[in-house]
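Here is a short tour for a first reading. Please keep the sequence and the 3D view side by side.

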Amino acid sequence: QVQLVESGGGLVQAGGSLRLSCAASARTIIYYRMGWFRQAPGKEREFVAAITRDDGLTAYADSVKGRFTISSDNAKNTVHLQMNSLKTEDTAVYYCAAGISGGLTGARDWGQGTQVTVSS
């Protein structure tokens, strides 16, 4: 079974930065598209960012464009999310996602989630 191991969540003040990382445990599985979703209390899980393996094409939710940057290390089957200029509304559990669908609405595999809390 593939495990997606996340790291980098935590507590930060508004305007600050955090970097999330996710590593897939199984090197034999090549994911075409990896990325991140998030879920805030009382809300549904939503897409944040994704990157495709072959050409490095990226996609972002409108709410994070210009503030978040996704990158990947294909050799290590890892993906990172650099989050700058964080806002209180970015507070959520962030989930690493692998094998994201073309419509950016779901994924084949999920991480356990890492909490990101942005204080005012």
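The report below takes a sheet, a cavity and several single residues in turn.

## The model

This is a predicted model. The values that follow are computed from it.

## A sheet of four strands

Start with the sheet. An open sheet of 4 strands runs in the order β1-β3-β8-β7, and the pairing is antiparallel. Its edge strands are β1 and β7, the latter covering residues 68–73. Each of these edge strands pairs on one side only. From one strand to the next, the twist averages 15 degrees. As background, strands of a sheet pair through backbone hydrogen bonds, and they do this either parallel or antiparallel.

Now look at the β1 edge. Strand β1 spans residues 4–7. Strand β3 spans residues 18–24. The two run antiparallel and are joined by 4 bridges. Leu4 stands opposite Ala24 in β3. Val5 has Ala23 of β3 as its bridge partner. Strand β1 also has two faces. Leu4 and Glu6 make up the covered face, while Val5 and Ser7 make up the uncovered one.

## The cavity

How many cavities of 30 Å³ or more does the structure hold? There is 1. The volume of the largest cavity is about 70 Å³.

Several parts of the chain line the largest cavity. Among the lining residues are Tyr31, Tyr32, Arg33 and Met34. Ile51, Thr52 and Arg53 are also in the lining. So are Ser72, Asp73, Asn74, Asn77 and Thr78. Three strands, β4 (33–39), β5 and β7, each supply at least two residues of this lining.

## Thr52, a residue of the lining

Thr52 belongs to strand β5, which covers residues 46–52. Is Thr52 buried or exposed? Its relative accessible area is 5%, under the 20% limit, so Thr52 counts as buried.

The side chain of Thr52 makes a polar contact with the side chain of Asp55, at 2.4 Å. Setting aside residues up to four places away in sequence, Thr52 touches Tyr32, Arg33 and Leu57. Tyr32 and Arg33 line the largest cavity, as Thr52 does.

## Val116 in strand β11

Next comes Val116. This residue sits in strand β11, residues 114–119. Val116 has a relative accessible area of 0% and is therefore buried.

What does Val116 touch, not counting residues up to four places away in sequence? The list includes Gly9, Gly10, Leu18 and Leu20. Met83, Asp90, Thr91, Ala92 and Tyr94 are touched as well. Another link across the sequence is with Arg38: Val116 and Arg38 are 78 residues apart in sequence, yet 9.5 Å apart in space, C-alpha to C-alpha.

## The loop between β8 and β9

Two residues stand out for a closer look here. Leu86 lies in the loop between β8 (78–83) and β9 (92–98). Ser85 is found in the loop between β8 and β9 too.

Their burial can be compared. Leu86 counts as buried, because its relative accessibility is 2%. Ser85 is partly exposed, with a relative accessible area of 41%. Ser85 is not a glycine, but its phi is positive, near 50 degrees.

Leu86 has contacts beyond its neighbours within four places in sequence. Among them are Val12, Ala14, Gly15, Gly16, Ser17 and Leu18. Arg67, Phe68 and Val118 are further contacts of Leu86. Take Gly15: Leu86 and Gly15 are 71 residues apart in sequence, while their C-alpha atoms are 4.9 Å apart in space.

## Leu104 in a later loop

Where is Leu104? This residue is in the loop between β9 and β10 (109–110). Leu104 is not a glycine, yet it has a positive phi of about 60 degrees.

Leaving aside neighbours within four places in sequence, Leu104 is in contact with Arg33, Phe37, Phe47, Ala50 and Ala59. Arg33 also touches Thr52 and is part of the lining of the largest cavity. Finally, Leu104 and Ala61 are 43 residues apart along the chain, with their C-alpha atoms separated by 9.9 Å.

Note on methods:
Residues numbered from 1 in each chain as written. Predicted model: local features only at pLDDT ≥ 70, side-chain atom pairs only at ≥ 80, totals over all residues. Heavy atoms only, no water. Buried < 20%, exposed > 50% of the residue type's maximum accessible area, 1.4 Å probe, protein only. Pairing = 2+ DSSP bridges. Axes fitted to C-alpha atoms, helices over the stretch in contact; angles between N-to-C directions. Polar contact = N/O pair within 3.5 Å; in protein donor to acceptor, adjacent residues only side chain to side chain. Contact = heavy atoms within 4.5 Å. 1 Å grid on protein atoms, 1.4 Å probe; cavity = no way out; pocket = protein on both sides within 12 Å on 5 of 7 lines; lining within 4 Å. Points joined across faces, edges and corners; volume = space filled by probe spheres on them.
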